[in-house]
Amino acid sequence: MSVQDDTQARLAQAVAEEAGADKPAHGVLLSDVAAVKVKSLLEQEGRDDLRLRVGVQPGGCSGLVYQLYFDERTLDGDLIVDFGGVEVVIDRMSAPYLDGASIDFADTIEKQGFTIDNPNAGSSCACGDSFS
């Protein structure tokens with residue numbers, strides 16, 4: 001684990017403790033770069049009531065696919081952590097598949113978009129869109 005990951009893990013834990021029982025924590029980390037990009041996208045949408053929802057669904061060639069989208073709702077059982085003003089929401093069914101995962105944002109000549117580094121993914125397909 002890098003120093004940045006360790007710092008984010010401690011920050012997530014502190015935020016979770018402050019949030020109390022009404023907003024249980026999850027084990028997903030959002031990098032500073034990804035948080036800045038999410039804030040930028042939310043500003044473009046002109047909405048301050050949206051959260052970043054991350055989940056997994058059956059599908060893809062390896063069995064599970066990631067979902068990453070903005071959501072105005074929080075559902076019963078959602079796990080929530082705030083990363084500098086960006087709420088990351090995970091449903092309880094997805095949480096075990098995403099525990100310890102890191103979300104980052106890449107903006108290079110080769111690749112642009114959000115990336116998920118998931119230690120629970122035993123394998124993934126060549127396209128990188130699904131995992132098992």
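How many bridges join strand β2 to β3, and do they run parallel or antiparallel? Select residues 51-59 for β2 and you'll find nine bridges to β3, with the two strands running antiparallel. Strands here are DSSP runs of E with at least two residues, helices are runs of H or I with at least four, and both are numbered from the N terminus. Two strands pair if DSSP finds at least two bridges between them.

Before going further, a word on what's loaded. This is a predicted model, in which local features need pLDDT of at least 70 and side-chain atom pairs count only at pLDDT 80 or more, while totals for chains, interfaces and linings use all residues. Residues are numbered from 1 along each chain as its sequence is written, and side-chain values use heavy atoms, with hydrogens and water left out.

**Stop 1: the whole chain**

Colour by pLDDT, the predictor's confidence in each residue from 0 to 100. The protein chain averages 81, and 72% of the residues score at least 70. Confidence peaks in β1 at a mean of 96 and bottoms out in β8 (residues 130-131) at 49. Where pLDDT is low, the predicted coordinates should not be read in detail.

Switch to cartoon and you get three helices and eight strands, in the order α-β-α-β-β-β-β-α-β-β-β from the N terminus. Of the 132 residues, 34% are buried, meaning under 20% relative accessible area (exposed is over 50%, partly exposed in between; 1.4 Å probe, protein chains only). The accessible surface, from the Shrake-Rupley method with a 1.4 Å probe, comes to about 7,800 Å², and 49% of that belongs to carbon and sulfur atoms. Now for contacts, meaning heavy atoms within 4.5 Å: among those between residues at least 6 apart in sequence, 54% join residues at least 24 apart.

**Stop 2: around β2**

Go back to β2 and pick L52; its bridge partner in β3 is F70. Then add residues 86-90, which are β5: three bridges join β5 to β2, and this pairing is parallel. Here V54 stands opposite I90.

**Stop 3: D71**

Next, select D71 in β3 (residues 63-71). Is D71 buried or exposed? D71 counts as buried because its relative accessibility is 6%. Show side chains and you'll see a polar contact of 3.0 Å between D71 and R73. A polar contact is a pair of N or O atoms within 3.5 Å; within protein, one must be able to donate a hydrogen and the other to accept it, and residues adjacent in sequence count only if both atoms are side-chain atoms. Leaving out residues up to four places away in sequence, D71 touches D49, L50, R51 and R53.

**Stop 4: β1, β6 and β7**

Move to β6 (residues 102-107), which pairs with β1 (residues 29-30) in the parallel sense over two bridges. L30 stands opposite I103 there. On to β7 (residues 112-117): a hairpin leads from β6 to β7 through four residues, and the two strands pair antiparallel over six bridges. S102 faces D117 across that pairing.

**Stop 5: the aromatic pair**

Rings of Phe, Tyr and Trp (its six-membered ring) pair if their centres lie within 6.5 Å; planes under 30 degrees apart count as stacked, over 60 as edge-to-face and the rest as tilted. By this rule there is one aromatic pair. Select F105 and F114: they sit edge-to-face, 4.9 Å centre to centre, with 65 degrees between the planes. F105 is buried at 12% relative accessible area, whereas F114, at 28%, counts as partly exposed.
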